[in-house]
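Morning, everyone. I have one structure to walk through, and I will keep it short. Have the sequence open beside the model.

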Amino acid sequence: MVGAGVLSLPYAMAHLGWGPGIVALVVSWGMTLYTLRLLILMHECVPGVRFDRYRDLGVHALGPRLGLWVVVPQQLIVQVGCDVVYMVTGGNCLQKFFESVCPSCSPRLHGSYWICIFGSSQFLLSQLRDLNSITAISLAAAAMSLSYSTISWAACLARGPVAGVSYAYNKAGTASDGVFRVCSALGQVAFAFAGHGVVLEVQATIPSSATKPSRVPMWKGTVAAYLVTAACYFPVAFVGYWTFGRDVSDNVLVALERPPWLVAAANLMVVVHVVGSYQVYAMPVFESIETILVNKFRVPRGVLLRLVARSTYVAFTLFVAVTFPFFGDLLGFFGGFGFTPTSFFLPCILWLRIKKPPRFSASWFANWGCIVVGVMLMLVSTIGGLRSIIQDASTFQFYS
């Protein structure tokens with residue numbers, strides 16, 4: 001559950017401020033925990049049937065055509081968006097690691113080159129057969145995510161507030177700039193809570209029977225995971241903002257300078273984390289691409305298909321990452337456009353369609369409340385993130 005999006009939470013706090021920032025984090029944590037519970041309960045909502053994928057549940061609730069057209073594009077946006085963000089994150093943290101280990105080395109490479117260096121590892125790992133082949137990498141990635149989250153807030157706490165730190169709203173730019181940045185910050189918060197796309201697949205691995213349904217251990221595991229998430233996210237967001245104030249970087253680890261060995265270790269942990277996380281999100285895309293090529297275009301399966309199809313996808317995400325290497329802006333855009341529907345309000349729509357709670361009941365109000373808030377969040381954060389990307393791109397020297 002702990003992802004690289006945690007590194008941008010102090011940056012989101014800088015645009016939201018203490019009060020709204022705390023409210024946004026707590027409400028997002030609570031809403032997404034609630035929608036996760038809905039998905040867990042709907043996993044076996046039909047006796048004898050287990051909906052092991054998000055799209056299967058969508059087809060059951062919305063029909064074979066509408067269900068696929070609603071769920072599959074959203075899942076694809078989430079997967080591709082994560083891989084693009086992980087490309088940028090890996091390149092930035094690899095650069096910071098090198099500069100921390102060798103501060104006197106010159107000449108220094110531009111950030112785009114570091115993204116390409118990180119991307120080269122994904123060309124190799126993408127040739128592994130399936131998710132089972134990257135189990136060790138996935139476990140290492142999970143361990144690293146907890147480690148660098150702890151190091152981030154602990155290093156900020158040990159450093160203390162920077163000289164002249166200010167928590168007042170930065171009035172540089174127009175009023176509309178501030179509004180759009182706030183909208184983008186909400187998308188960054190939404191990006192941080194993004195485990196819904198795989199929760200049904202995880203539950204599918206748990207044995208289930210009439211006397212011992214899978215929803216019981218799954219819910220206990222989810223609550224435990226969300227407590228760990230809160231223990232990682234909230235300290236990073238609050239302590240990072242307390243340390244750097246409104247001038248915090250969109251990646252708090254990049255802003256830290258000392259102790260150099262600890263900063264280098266934390267950034268290397270992020271690199272290991274996103275190396276594995278990239279493949280976790282990419283493998284389902286690889287499967288879909290190869291299935292389409294085999295079934296519709298009669299391309300024979302084999303090493304050549306895997307090499308060309310998967311390398312093309314990695315090259316595409318690498319191109320987008322090098323073209324738009326704006327970590328915070330990408331989080332805001334994909335957080336609103338991709339993660340908000342799947343995490344905040346689509347589970348509620350499916351619940352209303354399947355369970356049909358009585359009108360004006362507590363369940364009816366709760367789900368419609370999540371839908372209204374989620375749709376508004378999706379609209380404002382997508383617009384804010386896209387506008388931030390366009391604004392930063394207007395002054396950025398591409399491929400320099």
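Start in the loop between helix 13 and helix 14, where F360 is found. This is a predicted model, so keep that in mind throughout. F360 is not a glycine, yet its phi is positive, about 70°. Is F360 buried or exposed? Exposed: its relative accessibility is 56%, and the cut-off for that label is over 50%.

K356 lies in that loop between helix 13 and helix 14 as well. Here too we have a residue that is not a glycine with a positive phi, this time about 50°. K356 has a relative accessible area of 60%, so it counts as exposed.

There is a glycine to look at too. G245 comes just after helix 9 and takes a positive phi of about 65°. Helix 9 itself covers residues 215-244, which is 30 residues. From first C-alpha to last, helix 9 reaches 42 Å, close to the 44 Å expected at 1.5 Å a residue.

Now helix 7, residues 175-192. Its 18 residues should span 26 Å at 1.5 Å a residue, and the end C-alpha atoms are 27 Å apart, so the two agree. Which residues of helix 7 are buried? The list includes D177, G178 and R181. It carries on with C183, S184 and A185, then G187 through to A192 by way of Q188, V189, A190 and F191. And what covers them? Among the elements over the buried residues of helix 7 are helix 1 (9-16), helix 2 (18-42) and helix 4 (64-101). Helix 9, helix 13 (327-355) and helix 14 (362-393) are also part of that cover.

L186 sits in helix 7. Its relative accessible area is 25%, so L186 is partly exposed. Setting aside residues up to four places away in sequence, L186 touches L16, A24, L377, V380 and S381. Look at G21 as well. L186 and G21 are 165 residues apart in sequence, but their C-alpha atoms are 8.8 Å apart in space.

On to helix pairs. Take helix 2 and helix 14. They pack at an angle of about 120°, with axes 12 Å apart. That angle makes helix 2 oblique to helix 14. The crossing of helix 2 and helix 14 is left-handed. Helix 2 brings M31, Y34 and L38 to the contact, and helix 14 brings S363, A366, N367, C370 and V373.

The second pair is helix 3, residues 54-62, with helix 13. Here the packing angle is about 40°, and the axes are 9 Å apart. So helix 3 is oblique to helix 13. The crossing of helix 3 and helix 13 is left-handed. From helix 3, the contact uses Y54, L57, G58, H60, A61 and L62. From helix 13, it uses T342, L346, P347, L350, R353 and I354.

Next, two buried residues. H43 has its place in the loop between helix 2 and helix 3. With 0% relative accessibility, H43 counts as buried. What is H43 in contact with, leaving aside neighbours within four places in sequence? V49, R50, F51 and D52 are on the list, and so are L200, Q203, A204 and S214.

V88 lies in helix 4. Its relative accessible area is 0%, so V88 is buried. Residues up to four places away not counted, V88 touches I115, A321, F324, P325, F327 and L330. Pick out I115 from that list. V88 and I115 are 27 residues apart along the chain, with C-alpha atoms separated by 6.0 Å.

Last, the annotation. An unreviewed UniProt entry lists "transmembrane region" for residues 12-34, 223-244, 264-286, 307-327, 333-352 and 364-390. How do two of those spans look in the model? Residues 307-327 are 86% helix and 0% strand, with end C-alpha atoms 29 Å apart. Residues 364-390 are 100% helix and 0% strand, and there the end C-alpha atoms are 39 Å apart.

That's my tour. Over to you for questions.

Note on methods: Residues numbered from 1 in each chain as written. Predicted model: local features only at pLDDT ≥ 70, side-chain atom pairs only at ≥ 80, totals over all residues. Heavy atoms only, no water. Helix = DSSP H or I, 4+ residues; strand = E, 2+ residues; numbered from the N terminus. Expected span 1.5 Å × (residues − 1). Buried < 20%, exposed > 50% of the residue type's maximum accessible area, 1.4 Å probe, protein only. Contact = heavy atoms within 4.5 Å. UniProt positions renumbered as here; feature names shortened; annotations may be inferred. Axes fitted to C-alpha atoms, helices over the stretch in contact; angles between N-to-C directions. Parallel < 35°, antiparallel > 145°, perpendicular 65-115°, else oblique. Left-handed = near helix turned anticlockwise from the far one by under 90°.
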